[in-house]
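Student: I have just opened this structure and would like to understand the words people use for it. Could we go through some of them together?

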Amino acid sequence: MAIFLISSVSQGVIGMYSKMIKTDGDIIITQKGIADTFFSNVDIGLLEKIDTMPHVKSSYAMIVGASPVGHLPIAGIYGVSENHLSHYKLFEGKYPKKGQVLLGKTISKQLRGRTVKIGNKRFRIAGAYESDIGFEEGGVVMNISDAGKMFSRSASFILVSSDSPSNTDALVEKIMRLNDDIGVKTTQSFVQEYNQFKIIENSSLVISSLAFIMGLMGIASVMSMIVNSRKEEFGIMRALGKSRMFIIKNLFFETLIMSFSAYLFALVLSFLILSLLPHIDTLQGYVSGSLSLNVCLYVLASTVFMALLGSLIPAWIAAKTDPVLLINQGCS
Amino acid sequence: MIKASKVSHFYGKEQVLFDVDLQIDRGDFVFLSGDSGSGKSTLLSCLSTLLRPSSGDIFLEETKITEIQNIDLFRQQKIGFVFQFHYLINYLSVYENIALAAVKGKKEKINALLQELGILDLASRYPNEISGGQRQRVAVARALINDPLVIFADEPTGSLDSTNSKLVYTLLAKAKEQGTTVVVASHDEHVKEYATRMIKMSDGKIQ
């Protein structure tokens, strides 16, 4: 179950951030050589030049940061250019002017009043929006100029949409020539190469591997206890002429059934936990995940491998049970 | 049919069998007697292929047992065992316990065998649902299912009352009548009534 949850949640986090970046742009411009968009600073003045380029459908700038919001210790802050505010679907109020903010649906449930303190400044709440991206629903949207003052930067990144996918690569080349201090990539390749995603994936892999090893040790110790308590049975089988392979196969099969049952149980439980996560207000929608077919198959393969590997030594010990013990036990 | 030639066995440094020579003919009902620690169970283990002696040779049907390619299959097809405790597998029914021992083509005769031993009505019951005597009769049925050449029984009535003991010996004698060689290691002097041959062991030697 640990592997299910770790894989799903890490994929969920990566998926949310990827979706946020990829939804409204084909090209992303960040500060050159910066590992994380949180630290990136790009000149927002580039927007004017980019907008005049052929094959540019639209462009906008965004600041991504994090800050204490009201009583919440931390929340995502999204400073967006005015032309992008309509991306956030209002379900209450209106879009923010300077000095005002929009609250995501999740965070709005936890904040009361007409104003909210973000960092050291108080903002008027203009409305609330909903989104199918947990990061957005758990965050606060404000004008990029306000966010710029708060985080002391022009823009974290600029997203550009081209009029046709076939023009994207040529557009990347052209934008790159605008400034030596910027890094320009298609959002597709950015997502694939983004260091933070690699860190999350690697961390998830390490934790999953530890969970795998613990599972392996658990199966091995459970099987050892089972084998020990059933020594007499294996002795009977050996005395009746059953081969060592017969005993090993039987134990493998039993472990597989046991592990597959545990897999199904973990699948259902993980599904329930993952369904509950978005509804836990304190998580602000930042932690979510879904069980993809890939994750299910990956965990199934890990379970089968874990079962076979974990029962290998106990099965071998069982197969080596000496049937003479049956006679010796009865020997007077 | 069974021949042991200069069979010795050690458990660690302790020698328990000393150059035992023995020949058992087909159809014999052998009563292997002796005090505790006399080596009769070790000899039984060696003769039945469960234990490889430290030295000496054992032949079954003229074949040296160390030269048998698939000793497990050989044991399943040619040898039946009855132990002091029934050693039935508790999560298997009576029928399944016998089926576990049956080689291909023998499963069909399980019901007939159970009928013959008067325990057909127990077929679907589990070992913990039947009496000790009934369990041992099931153990005899399991030993007989493959029409073995020889049945080795180690204190088969050690945990039974006299009525059930008599029943078990009668079943083994019946198997002997049908051509199966029977070797019983026991303290129970009643085996004499059924045995055609007696072998007494003392201090790891045949007297």
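Tutor: Happy to; we will take the terms one by one and set values against cut-offs, keeping in mind that this is a predicted model.

Student: Let me start with chain B. What makes S41(B) count as buried or exposed?

Tutor: A residue is called buried if 20 or more other C-beta atoms lie within 10 Å of its own. S41(B) has 25 C-beta neighbours inside 10 Å, so it counts as buried. S41(B) sits in helix α1 of chain B. Its C-alpha atom is separated by 7.0 Å from that of D154(B), although the two residues are 113 apart along the chain.

Student: And how do you know which class K6(B) belongs to?

Tutor: The exposed class ends at 12 neighbours and the buried class begins at 20, with partly exposed in between. K6(B) has 13 C-beta neighbours inside 10 Å, and therefore counts as partly exposed. This residue belongs to strand β1 of chain B. Its phi is near 50°, a positive value in a residue other than glycine.

Student: Which class does D19(B) fall into, and why?

Tutor: D19(B) is partly exposed, because it has 15 C-beta neighbours inside 10 Å. D19(B) is placed in strand β2 of chain B, and its phi, near 40°, is positive in a residue that is not glycine.

Student: Those strands bring me to the sheet. In what order do its strands run in chain B?

Tutor: The order is β2-β1-β4-β5, four strands in an open sheet with antiparallel pairing.

Student: What makes β2 and β5 of chain B the edge strands?

Tutor: Each of them, β2 (14-24) and β5 (63-64), pairs on one side only.

Student: How do you know that β4(B) and β5(B) pair?

Tutor: Pairing asks for at least two bridges between the strands. Strand β4, residues 55-60 of chain B, has two bridges with β5(B), in the antiparallel sense, so the requirement is met. If you want to find a bridge partner, look at F59(B), which is matched with K64(B) in β5(B).

Student: Where does helix α1 of chain B lie relative to this sheet?

Tutor: Helix α1, residues 40-47, lies across β1 (2-11), β2 and β4 of chain B, and runs at about 120° to β1(B).

Student: Now two helices together. Why are α3(B) and α5(B) called roughly parallel?

Tutor: Angles under 35 degrees count as roughly parallel. α3(B) and helix α5 (residues 132-144) of chain B pack at about 30°, with their axes 8 Å apart. The two helices are therefore roughly parallel to each other. Their crossing is right-handed.

Student: Which residues make that contact?

Tutor: From α3(B) come V94(B), N97(B), I98(B) and A101(B), and from α5(B) come V138(B), A141(B) and R142(B). By class, they divide into five nonpolar, one polar and one charged.

Student: How many residues does each chain give to the contact between chains A and B?

Tutor: Chain B gives 22 residues and chain A gives 15. On the side of chain B that touches chain A, α1, α2 (71-78) and α3 (94-101) each supply at least two residues. α2(B) gives the most, with four. That side of chain B has 11 nonpolar, seven polar and four charged residues.

Student: What does chain A consist of in secondary structure?

Tutor: Chain A has 12 helices and 10 strands. Of its 332 residues, 40% count as buried.

Student: Which residues of α5(A) are buried?

Tutor: In helix α5 (residues 144-151) of chain A they are I144(A), D146(A), A147(A), G148(A) and F151(A). What covers them includes β2 (56-69), β3 (72-80) and β8 (140-143) of chain A. Just after α5(A), S152(A) takes a positive phi of about 55°.

Student: One last pair, then. At what angle do α8(A) and α11(A) pack?

Tutor: Helix α8 (residues 195-229) and helix α11 (residues 293-319) of chain A pack at about 35°, with their axes 8 Å apart. Their crossing is right-handed. Among the residues in contact are F212(A) and L216(A) of α8(A) and M306(A) and I313(A) of α11(A). By class, this contact has 13 nonpolar, five polar and no charged residues.

Definitions and conventions
Residues are numbered from 1 along each chain as its sequence is written. Chains are lettered from A and ligands numbered from 1 in the order in which they are written. This is a predicted model: local features need pLDDT of at least 70, side-chain atom pairs count only at pLDDT 80 or more; totals for chains, interfaces and linings use all residues. Two residues are in contact if their C-beta atoms, placed from the backbone, lie within 7 Å. Axes are lines fitted to C-alpha atoms, for helices over the stretch in contact, and angles run from 0 to 180 degrees between N-to-C directions. Ala, Val, Leu, Ile, Met, Phe, Trp, Tyr, Cys and Pro count as nonpolar, Asp, Glu, Lys and Arg as charged, and the others, Gly among them, as polar. A crossing is left-handed if the near helix is turned anticlockwise from the far one by less than a right angle, and right-handed if clockwise. Angles under 35 degrees count as roughly parallel, over 145 as roughly antiparallel, 65 to 115 as roughly perpendicular and the rest as oblique.
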